[in-house]
Amino acid sequence: MTRPYGPAMAFHRKQLRVPVPAVAAGRHVKRYHVNLDGSEIDRARQEAAYAFLPGLLPRPDGTPAATFTVLHDTANGIFLNAYSWYWDNVLYCRTAAAGIPFLGCPDEDYTHWVELAEPLIGCVWELPPIEHERSAWIRHVLRPDEPDLDAYLADLLPEGPIG
């Protein structure tokens, strides 16, 4: 099958890395990185992605200010998915890409980010952190009498094969 963005992709496991959490626009950000071989994502790509991140975050609403991101470096471009906890128990999602003209990127440069107009939430390699983060949010923020944001931020999906 020929696709406008390239040949069909066979499924294979990728690798997940978990850099230390950061802070962006006053929100605590748990970070997940996905790529084929588990190597460090190029520093310039990371810096461009995290510089773009504040524009993907929701306005404060009283929910503990926590976000988790998935930065997925692929052979066809790079994606940044920002999932923020909002309205107590709702996941607010905004996505961006670089290097993928098919999705509206200005060029094939992996540091020129644009927010995606398509309502995409993630591919098969980007979804496992959502499952983990949902459970962690319930365990540490929703279930206890007092939310424990520090415990939530420390509860990370382990590095390794993903998909």
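Here are three short exercises on this predicted model, each with a worked solution.

Before you start: residues count from 1 along each chain as its sequence is written. Local features need pLDDT of at least 70, side-chain atom pairs count only at pLDDT 80 or more, totals for chains, interfaces and linings use all residues, and side-chain values use heavy atoms, with hydrogens and water left out.

**Exercise 1.** Work out which elements the chain has and in what order they run.

*Solution.* Start by counting: there are three helices and ten strands. These are DSSP runs numbered from the N terminus (helices H or I, at least four residues; strands E, at least two). Next, read along from the N terminus: β-β-β-β-β-α-β-β-β-β-α-α-β.

**Exercise 2.** Find the strands that pair with strand 3.

*Solution.* Pairing takes at least two DSSP bridges between two strands. Try strand 10 (residues 160–162): it pairs antiparallel with strand 3 (residues 14–17) over three bridges, and Leu-16 sits opposite Gly-160. Now try strand 5: three bridges join it to strand 3, again antiparallel, with His-33 as the partner of Arg-17.

**Exercise 3.** Explore the largest nonpolar core and say which element gives it the largest share.

*Solution.* Such a core is a set of buried (under 20% relative accessible area, 1.4 Å probe, protein chains only) Ala, Val, Leu, Ile, Met, Phe, Trp, Tyr and Cys residues joined through side-chain atoms within 4.5 Å. This one has 18 residues, and Leu-16, Tyr-32, Phe-68 and Tyr-152 touch the most other members. Helix 2 gives the largest share, four residues. Finally, there's a second, separate core of 17 residues, including Leu-71 and Leu-80.

Conventions: Buried < 20%, exposed > 50% of the residue type's maximum accessible area, 1.4 Å probe, protein only.
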